[in-house]
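Colleague: Please take a close look at one part of this model for me, the pocket and whatever surrounds it, and then carry on to the neighbouring topics that a beginner should see.

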Amino acid sequence: HITLGDQIQSKIAMVYMKNLANKDMINEFKRRVHHISMDHIPSAGALQELIEDSTWSPFPQILNTERVDRVVGHLNEGRVAVFMEGYPACLIIPVTFFAFFQSPDDYNSRWMIGTFIRSMRLVSIFIAVNLPAIYIAVIGFHFEVLPDDLVLPIVSSIKNIPFPPLIEALVMELTIELIREAGVRLPSRIGQTIGIVGGLVIGDAVVRAGLISNTMIVVVAITAIAAYSIPTTEMSDAVRFLRFPHMILASTFGLVGIIFGFMFTLAHLCRLESFGT
């Protein structure tokens, strides 16, 4: 046990398999924890921000989970679980990028099925970050990349729209985020209704009013579904946040902007460490 907090003290406990966990990593965790000076640590989420390697990164570097089977799976892989008094979830350290795409159900499925589903989740992160940006780049800069059969339907859907593609995408993406936030805050039965009805009614109304193109609605819907297929909330939030800089880059520099944004994100991910891992 380790006790944290100068005024209100909270107990934290480390759980690990003695013969599997990395001793240097455990010592590094203890060192970071002993350097924390705060009156009160309100939750494991606050502790997570105080001990993670890069606080300026949108990507999580510590896995936060409430699932017992997930924790046991990670303990058997040599990781450490950190429990905090009075908090229902625990932190798992160290983690890699792919740990955020592994659902606890994957442990119970056949390896071929599990691998296929995880591959789909990795494709979904690419779709969620880049699809609106690619749409903006194609409409604004690279119309020639569209197949001949697609040109007429897309031209007919966007020719009377008064806004540039970036404004279209920003309005719809922010609307989706607002509907999601409203759905989370409301009681569960009303929240689901607001999500479905709000999405259908608003989507139908803006297309009929001639403010947003049909194609944009399809792009936004696929992007939202891809973002929600990521099993970890923190990684899903990071992906939803990243799509906005990518959209701005696409509207300014086209596909070149998307490629530079992707390269920058990839370089940042390669530099990220989770307790030396």
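Modeller: The largest pocket has a volume of about 490 Å³, where a pocket is an open set of points on a 1 Å grid that fit a 1.4 Å probe, with protein on both sides within 12 Å along at least five of seven lines, and the volume is the space filled by probe spheres set on those points. The model is predicted, so local features need pLDDT of at least 70 and side-chain atom pairs pLDDT 80 or more, while totals for chains, interfaces and linings use all residues. Residues are numbered from 1 along each chain as its sequence is written, and side-chain values use heavy atoms, without hydrogens or water.

The lining of the largest pocket (residues with an atom within 4 Å of a point) consists of 23 residues, and Ile 176, Ile 179, Gly 195, Gly 199 and Leu 200 are those nearest its centre. Sorted by class, this lining holds 13 nonpolar, 8 polar and 2 charged residues, with Gly counted as polar. At least two lining residues come from each of helix 6 (165-185), helix 7 (188-208) and helix 8 (214-228), helices being DSSP runs of H or I with at least four residues, numbered from the N terminus. The largest share of the lining, 9 residues, is supplied by helix 7.

Helix 7 therefore deserves a check of its length: at 1.5 Å a residue its 21 residues should span 30 Å, and the C-alpha atoms at its ends are 30 Å apart, which agrees; the expected span is 1.5 Å times one less than the number of residues. Within helix 7, Gly 191, Gly 198, Gly 203 and Val 206 are buried, that is, under 20% relative accessible area with a 1.4 Å probe. The buried residues of helix 7 pack against helix 6 and helix 8, judged by heavy atoms within 4.5 Å, so two helices that pack against helix 7 also help to line the largest pocket. Just after helix 7, Gly 210 takes a positive phi of about 75°.

Away from the pocket, strand 5 (90-93) is worth following from one residue to the next, a strand being a DSSP run of E with at least two residues. Cys 90 and Ile 92 point to one side of strand 5, Leu 91 and Ile 93 point the other way, and all of them are buried. Such alternation between the two faces of the sheet is what a regular strand shows.

Strand 5 has antiparallel partners, where pairing requires at least two DSSP bridges. Strand 3 (residues 63-65) pairs with strand 5 over 3 bridges, and here Asn 64 stands opposite Leu 91. Strand 4 (residues 80-84) is joined to strand 5 by 4 bridges and runs antiparallel to it, with Phe 83 opposite Cys 90. Strand 4 and strand 5 form a hairpin with 5 residues between them, and in its turn Gly 86 has a positive phi of about 80°. Strand 4 also runs antiparallel to strand 2, to which 4 bridges join it, and there Phe 83 is the bridge partner of Ala 13.

At the end of strand 5, a cis peptide bond with omega of about -15° joins Ile 93 to Pro 94. Pro 94 belongs to the loop between strand 5 and helix 4 (111-140). Most peptide bonds are trans.

Definitions and conventions:
Buried means under 20% relative accessible area, exposed over 50%, partly exposed in between (1.4 Å probe, protein chains only).
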